[in-house]
Amino acid sequence: GYEINEEYLATIKKRLTENIGIFEQKEQVEIIKQERKDIDFNREIQNLPYIFKDPVTFERKIDPKLLRFGSRIDGKERDKARYYTVKEVISPSEVVLDTGAKIHLIGVKPNGKRNVEAIQFLKDLTKGQKVFLKFDNIRYDEKGSLYCYLYLRNKTFVNAHLIKNKLVDVDESCQYKYQSIFINYLKMK
């Protein structure tokens, strides 16, 4: 906390007393030192009727400047999709965007056998390309990466191409919009 030392108090008192009587009144100046209460804020917080707990852990929070959600009303609504570039391919199911956001491709499950091919396929497909994201009900994976469908600017569906080319397996650990379509791609010859 901030403590006022005695020298400051003396200066304040002197300045105040110099002006006494200036308006034909005799004011009195009394400086009282307030006693500080030691408050246990953690205990006080526990006594509140409701304590907000954010269900999203801090590591999972995404800087709103990196991704734009919701609507905009500023005269530039024509630009519906925000475009990114892929800075790094970490695995067949994870890439890092130019903003630093790590994304996890929905429905894509590395199968181990064709990981090197799948990573190279992703690098070749996205190299020098602008990409945009679409989302589903699930927002984050267990590592805190953002779940999304990745599209090239020309609307090429990257998640689907990885599965169609049988470079990856279909993730069936959770429900998402294109799950049955992805499973059918694997059955196709």
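Colleague: Which element does Glu94 lie in?
Modeller: Happy to start there: this is a predicted model, in which local features need pLDDT of at least 70, side-chain atom pairs count only at pLDDT 80 or more, and totals for chains, interfaces and linings use all residues. Residues are numbered from 1 along each chain as its sequence is written, while side-chain values use heavy atoms, with hydrogens and water left out. Helices (H or I, at least four residues) and strands (E, at least two) are DSSP runs, numbered from the N terminus. On that basis, Glu94 lies in strand 2.

Colleague: Is Glu94 buried or exposed?
Modeller: The scale is relative accessible area: buried is under 20%, exposed is over 50%, and partly exposed is in between (1.4 Å probe, protein chains only). The relative accessible area of Glu94 is 6%, so Glu94 is buried.

Colleague: Which residues does Glu94 touch, leaving aside those up to four places away in sequence?
Modeller: Touching is judged by contact, meaning heavy atoms within 4.5 Å. With residues up to four places away not counted, the partners of Glu94 are Val89, Lys102, Ile103, His104, Asp141, Lys143 and Ser145.

Colleague: On to helix 3: how far does this helix reach from its first C-alpha to its last?
Modeller: Helix 3 covers residues 115-126, 12 residues in all. Its expected span is 1.5 Å times one less than its number of residues, which comes to 16 Å. The model is close to that, with a reach of 16 Å.

Colleague: Within what arc do the buried residues of helix 3 fall?
Modeller: The buried residues here are Ala118, Leu122 and Thr126. They line one face of the helix, because their directions seen down the axis fall within a narrow range of angles. An α-helix has 3.6 residues a turn, so residues three or four places apart point the same way. Taking the directions from the helix axis to the C-beta atoms, the arc is 50°.

Colleague: Which elements do those buried residues pack against?
Modeller: One of the partners is strand 2, the strand that also holds Glu94. The full list for the buried residues of helix 3 is strand 1 (86-91), strand 2 (94-97), strand 3 (102-105), strand 5 (131-134), strand 6 and helix 4.

Colleague: Which exposed residues sit on the face of helix 3 turned away from its buried side?
Modeller: Just past the end of this helix, Gly128 takes a positive phi of about 70°. On the helix itself, the face turned away from the buried side carries the exposed residues Val116 and Asp124.

Colleague: How many salt bridges are there?
Modeller: The rule asks for a side-chain nitrogen of Lys or Arg within 4 Å of a carboxyl oxygen of Asp or Glu. Asp40 and Arg43 meet it at 3.9 Å, N to O, and Asp40 is partly exposed at 37% relative accessibility. Glu117 and Arg114 meet it at 2.7 Å, with Glu117 partly exposed at 43% and Arg114 partly exposed at 27%. The count is 2.

Colleague: Which residues make the nonpolar surface patch?
Modeller: Patches take residues with over 30% relative accessible area and no salt bridge, joining like charges within 9 Å and nonpolar side chains (Val, Leu, Ile, Met, Phe, Trp, Tyr) within 5 Å. Areas come from the Shrake-Rupley method with a 1.4 Å probe, and for residues only the protein chains shown count as cover. Ile12, in helix 1 (residues 6-18), is partly exposed at 40%. The patch, about 360 Å², is made by Tyr8, Ile12, Leu16 and Ile31.

Colleague: What phi does Lys155 have?
Modeller: Lys155 sits in the loop between strand 6 (146-152) and helix 4 (158-164), and counts as exposed at 61% relative accessibility. Although Lys155 is not a glycine, its phi is positive, about 75°.

Colleague: And what phi does Lys166 have?
Modeller: Lys166 is in the loop between helix 4 and strand 7 (169-170), partly exposed at 30%. Lys166 is not a glycine either, yet it has a positive phi of about 55°.

Colleague: Finally, in what order do the elements of the protein run?
Modeller: There are 5 helices and 7 strands, and 28% of the 189 residues count as buried. From the N terminus on, the order is α-α-β-β-β-β-α-β-β-α-β-α.
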